[in-house]
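New to this one? Here's a quick briefing to read alongside the sequence and the 3D view.

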Amino acid sequence: MKNTPFGTEAGILSVVQGFRDRTLPKEQWTHEAHLVTAVWFHMNYSSLEAICYLRSGIIAYNVATGGTNTHTDGYHETLTLFWCRTISQFVADHRGLSLLEMCRAFLGSQQSGRDYPLKFYSRERLFSLEARATWVEPGN
């Protein structure tokens, strides 16, 4: 992890700031970057505030970096809320850790895996238009 932006607190804060001001290069907006950014928001705001900032921030970031937010690409409501719920609980369960420790702990957990949501959703349900547009409860 030391060779990634997530190996130091300064690196994490740089990713978060790049997301917030929409200057983070698109190729650096990885799955892990999404997760550590969400960890930072959940450590610094209430869960509902974090969701608002992340939802609007992801949509704006996608547009600012030349991406789109359509019925097939870009912002995904169910995935965003799934990760927010997962991370919010993880942060609550690990109070007292520093930002670096929290990010390392979450990225090192089984919960951080790209396919983790598929433990709760069928692929078809998770990647449906309904799930992209609005929250869909876990299930098949």
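Follow the protein chain along its sequence and you get the pattern α-α-α-α-α-α-α. That makes seven helices and zero strands. Keep in mind that this is a predicted model. The points below go from the whole chain to one helix pair and then to a handful of single residues.

**The chain as a whole**

- The protein chain has a radius of gyration of 15 Å, and a compact globule of 140 residues would come out near 14 Å, so the two agree.
- Taken along the principal axes, the box filled by the C-alpha atoms is roughly 35 × 35 × 30 Å.
- How much of the chain counts as buried? The figure is 41% of the 140 residues.
- On the outside, the protein chain exposes about 7,600 Å², and carbon and sulfur atoms supply 52% of that area.
- Take the contacts with a separation of 6 or more: 60% of them in the protein chain are between residues 24 or more positions apart.

**Where α3 meets α4**

- Two packed helices are described by the angle between their axes and the distance between the axes.
- Here, helix α3 covers residues 47-64 and helix α4 covers residues 77-93. Their axes come within 10 Å and cross at roughly 145°.
- Is the crossing of α3 and α4 left-handed or right-handed? The crossing is right-handed.
- On the α3 side, the residues that meet α4 are Ser-47, Ile-51, Leu-54, Arg-55 and Ile-58. Facing them from α4 are Glu-77, Thr-80, Leu-81, Cys-84 and Ser-88.
- Sorted by class, this contact of α3 with α4 has five nonpolar, three polar and two charged residues.
- Arg-85 is found in helix α4 too. This residue is partly exposed, because its relative accessible area is 48%, which falls between the 20% and 50% cut-offs.
- Arg-85 and Leu-48 sit 37 residues apart in sequence, with 9.9 Å between their C-alpha atoms.

**Arg-132 and its neighbours**

- Look for Arg-132 in helix α7, which runs over residues 129-133.
- Is Arg-132 buried or exposed? Arg-132 is buried, because its relative accessible area of 14% is under the 20% cut-off.
- Leaving out residues up to four places away in sequence, Arg-132 touches Thr-70, His-71, Thr-72, Asp-73, Gly-74, Tyr-75, His-76 and Glu-77.
- One of those, Tyr-75, is 57 residues away from Arg-132 in sequence, yet the C-alpha to C-alpha distance is 7.2 Å.
- Glu-77 turns up twice in this briefing: Arg-132 touches Glu-77, and Glu-77 is also among the α4 residues that meet α3.

**Two residues in α1**

- Glu-9 lies in helix α1 and counts as partly exposed at 36% relative accessibility.
- Which residues does Glu-9 touch, not counting those up to four places away in sequence? They are Leu-99 and Leu-100.
- From Glu-9 to Gln-28 is 19 residues in sequence and 16 Å in space, C-alpha to C-alpha.
- Gly-11 has its place in helix α1 as well. At 15% relative accessibility, Gly-11 counts as buried, whereas Glu-9 is partly exposed.
- The C-alpha atoms of Gly-11 and Met-102 are separated by 14 Å, and the two residues are 91 apart along the chain.

**An odd backbone angle at Arg-22**

- Most residues other than glycine have a negative phi.
- Arg-22 has a phi near 65°, a positive value in a residue other than glycine.
- Where is Arg-22? Its place is in the loop between α1 (9-20) and α2 (31-44).
- Arg-22 counts as partly exposed, with 40% relative accessibility.

Technical notes: Residues are numbered from 1 along each chain as its sequence is written. This is a predicted model: local features need pLDDT of at least 70, side-chain atom pairs count only at pLDDT 80 or more; totals for chains, interfaces and linings use all residues. Side-chain values use heavy atoms; hydrogens and water are left out. Axes are lines fitted to C-alpha atoms, for helices over the stretch in contact, and angles run from 0 to 180 degrees between N-to-C directions. Helices (H or I, at least four residues) and strands (E, at least two) are DSSP runs, numbered from the N terminus. A crossing is left-handed if the near helix is turned anticlockwise from the far one by less than a right angle, and right-handed if clockwise. Contact means heavy atoms within 4.5 Å. Ala, Val, Leu, Ile, Met, Phe, Trp, Tyr, Cys and Pro count as nonpolar, Asp, Glu, Lys and Arg as charged, and the others, Gly among them, as polar. The radius of gyration is taken over C-alpha atoms; the globule rule is 2.2 Å times the number of residues to the power 0.38. Buried means under 20% relative accessible area, exposed over 50%, partly exposed in between (1.4 Å probe, protein chains only). Accessible areas come from the Shrake-Rupley method with a 1.4 Å probe; for residues, only the protein chains shown count as cover.
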